[in-house]
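User: Hi! I'm new to reading protein models and would love a walk-through. Could you show me how to go from a feature to what it says?

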Amino acid sequence: MARMDPHSYYDEDQPKTKEIRFRWEVDFQASHITGEAVLLLETPSAGFMDLDTKELLIGSVAADGRPIPFEPGEPDPILGQRLRLNLPAGTREITIAYATTPRATALQWLAPEQTAGKVHPFMFSQCQPHHARTLAPLQDSPRVRVRYTAEVTVPEDLTAVMSAGSTGVRMGPGPRSRTFLFDMPQPIPSYLIALAVGDLAGRDLSPRSRIWAEPATVEQAAWEFAGIEDMMVTAEALFGPYEWERYDMLVLPPSFPYGGMENPRLTFLTPTLLAGDRSLVNVVVHELAHSWTGNLVTNATMNDFWLNEGFTVWAERRTLEALHGKEKAAMAWAIGKAGLDDAFERFGAESPFTRLKTDLWGVDPDSMYSEVPYEKGARLVALMEQTAGRESFDLFLRRYIGHFRFTSITSEEFLAFLQESMPGLADKVDAKSWIYSPGLPANCPVFRSEALESLQALSAGWKSGERPPENALKIWSPEETLVYLQGLPRPMPEADCLWLDETFSLTGRTNYEVLVEWLSIAAASDCPPVFPRLREVLMSVGRMKFLRPLYRAMGATPRTRSLAREIFAAARPGYHSLSSRLAEEIIAAYPAD
Ligand code: BES
Ligand code: ZN
């Protein structure tokens with residue numbers, strides 16, 4: 001009996017799934033999916049097999065076509081329900097007929113008003129880290145990799161897309177429906193299974209990349225991400241060949257709770273990236289980089305999440321540097337540091353959640369999401385790079401990816417490989433302290449740039465009366481503006497807020513990173529002229545990276561707290577369940593008024 005994943009009932013000693021065939025009907029009236037999942041096993045097997053399920057209605061289970069009994073366990077708030085099967089000797093495939101429920105946390109069902117087009121409904125999935133089990137019964141641990149095929153029936157005027165190759169569309173079955181066929185031939189962890197259905201249009205950006213979005217946004221999206229082929233070529237030169245054939249992207253409605261999700265062959269993106277000036281494409285570079293770090297070499301469990309995100313943030317910045325130079329990369333490191341400082345402050349630097357290797361037994365991984373695995377992880381990788389020298393580290397990285405491609409590994413497996421291929425490097429950088437101790441080690445790399453330091457000095461001087469140059473609005477990039485804003489004190493007097501807004505035209509910004517940094521200064525400063533824009537953003541955007549600082553900043557005064565409560569009550573029905581929970585937790589921690 002060997003369970004090694006704190007968030008799955010998967011047992012390493014039991015039969016393992018190698019492929020899944022989904023047959024789904026997507027029902028927008030009932031907000032559920034009905035159908036079946038056929039699990040093909042690695043070898044003919046017998047005995048107990050524990051699957052993960054959550055909020056699923058299981059209709060029947062058959063082993064090689066013959067019905068077998070099944071036994072759903074007690075629901076656990078984090079894990080869901082274990083579905084224990086007892087397979088007869090020689091079982092090769094398990095067919096499970098089931099339906100999802102409207103409580104499936106992997107799925108958000110949007111009414112037409114929540115889309116750009118306002119005419120058709122929309123649904124999308126977000127399975128990472130442990131929500132795939134609300135979409136289908138499966139071994140929902142990254143240690144298990146599956147190929148999959150899917151037949152997805154949707155209303156005839158809607159299009160289905162998945163993290164897979166498209167293999168065709170046919171009419172029916174039945175009137176007014178279409179069935180989309182998919183094939184994902186490479187083995188992936190279950191958290192990368194992804195589906196979206198809506199009124200979608202596609203534009204080709206290169207022979208291997210297409211952008212999908214609602215018709216109302218697809219042109220803007222095609223312009224924003226037109227550079228994708230350059231990004232791919234640059235990333236391939238750094239990390240090796242792109243192994244997934246196509247790299248398509250899907251722009252979701254604004255309630256999507258993340259900036260991006262690296263679903264293989266089809267990255268999911270928030271529409272808040274459509275700044276109109278390509279200033280937020282680093283998120284695309286990040287999701288693209290996951291094609292190597294994360295999707296080829298995958299964390300074994302969420303305890304090793306830094307292997308996914310730390311390597312990917314580092315890879316994102318290496319790619320940015322190759323595309324746009326050292327200054328841009330330094331700026332990205334600085335912006336990331338502000339997020340890391342924030343997370344350390346939230347947890348306390350001595351908290352075990354500031355370790356890279358975490359212990360999440362009994363802990364909901366969504367509630368522990370933070371910048372630590374991203375920014376602390378990326379700094380460890382950068383330190384190894386600096387210590388080994390760029391050339392030999394790049395070689396190491398390609399060997400690492402080549403060695404572990406299509407597998408899921410622990411921090412310990414990483415360390416063993418590191419020791420084997422670059423003996424002594426781990427000790428030299430004290431990798432074990434980085435991975436197993438809380439806080440930020442003293443040998444943490446610092447990324448300097450002149451531009452950066454002058455911006456930081458300028459915002460630090462705010463209190464002593466220093467102000468930015470008059471033409472700052474014209475000459476500062478969005479990133480520079482962001483670094484400057486991050487360094488400003490809060491709260492500030494209303495007159496100062498208004499001066500800032502006027503000088504930098506902040507309330508009208510289309511770059512959401514800048515806009516949200518500004519709105520959180522204004523919210524923390526209780527500045528009423530900015531409330532209408534604040535309300536607009538909180539009412540329409542579900543990206544948690546933005547909701548968190550805004551709702552937190554609104555905790556500052558009785559007036560902003562009551563505004564937050566009022567806006568949340570109105571916005572909640574449109575939020576993704578993850579976004580709702582986040583806002584609710586923040587508001588619940590406000591002092592009572
Ligand atoms: N894989 C993550 C998103 C994620 C992590 C979803 C954990 C669910 C659980 C994705 O690659 C990501 O990191 N997105 C960031 C992008 C940023 C770091 C450039 C985001 O959404 O902000
Ligand atoms: Zn990521």
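User: Let's start with aspartate 64. Is aspartate 64 buried, partly exposed or exposed?

Analyst: Buried means under 20% relative accessible area, exposed over 50%, and partly exposed in between (1.4 Å probe, protein chains only). Aspartate 64 comes out at 33% relative accessibility, so it counts as partly exposed. Before we go on: this is a predicted model, where local features need pLDDT of at least 70, side-chain atom pairs count only at pLDDT 80 or more, and totals for chains, interfaces and linings use all residues. Residues are numbered from 1 along each chain as its sequence is written, chains are lettered from A and ligands numbered from 1 in the order in which they are written, and side-chain values use heavy atoms, with hydrogens and water left out.

User: Where does aspartate 64 sit, and what is its phi?

Analyst: Helices (H or I, at least four residues) and strands (E, at least two) are DSSP runs, numbered from the N terminus. Aspartate 64 is in the loop between β3 (57–63) and β4 (66–67). Its phi is positive, about 45 degrees, although aspartate 64 is not a glycine. Phenylalanine 406 has a positive phi too, about 60 degrees, and sits in the loop between α7 (390–404) and β20 (407–409). Phenylalanine 406 counts as buried because its relative accessibility is 17%.

User: Which peptide bonds are cis?

Analyst: For a peptide bond, look at omega. The bond from glycine 172 to proline 173 is cis, with omega near 5 degrees, and proline 173 lies in the loop between β11 (165–171) and β12. Arginine 490 and proline 491 are also joined by a cis bond, with omega about 0 degrees.

User: Now the metal. What coordinates the zinc ion (ligand 2)?

Analyst: Donors are N, O and S atoms within 2.8 Å of the metal (3.2 Å for Na, K and Ca); water is not among the atoms, so sites may look incomplete. Here the zinc ion (ligand 2) is coordinated by His286 (NE2), His290 (NE2) and Glu309 (OE, listed twice), among its donors, at 1.9 to 2.8 Å. Along the chain, the donors follow the spacing H-x3-H-x18-E. Histidine 290 lies in the loop between α3 (282–289) and β19 (297–299) and glutamate 309 in helix α4 (residues 305–324), so the pair ties together parts that are 19 residues apart in sequence. Both histidine 290 and glutamate 309 are buried.

User: And what surrounds ligand 1?

Analyst: A residue is near a molecule or strand if one of its heavy atoms lies within 4 Å of it. By that rule, 17 residues surround ligand 1, and the closest are Gln128, Gly259, Glu262, Glu287 and Tyr374. α3 gives the most to this shell, with 3 residues.

User: Which atoms of glutamate 287 and histidine 290 come close to ligand 1?

Analyst: A polar contact is a pair of N or O atoms within 3.5 Å; within protein, one must be able to donate a hydrogen and the other to accept it, and residues adjacent in sequence count only if both atoms are side-chain atoms. A side-chain N or O atom of glutamate 287 is 2.7 Å from an oxygen atom of ligand 1. For histidine 290, a polar side-chain atom lies 2.9 Å from an oxygen atom of ligand 1.
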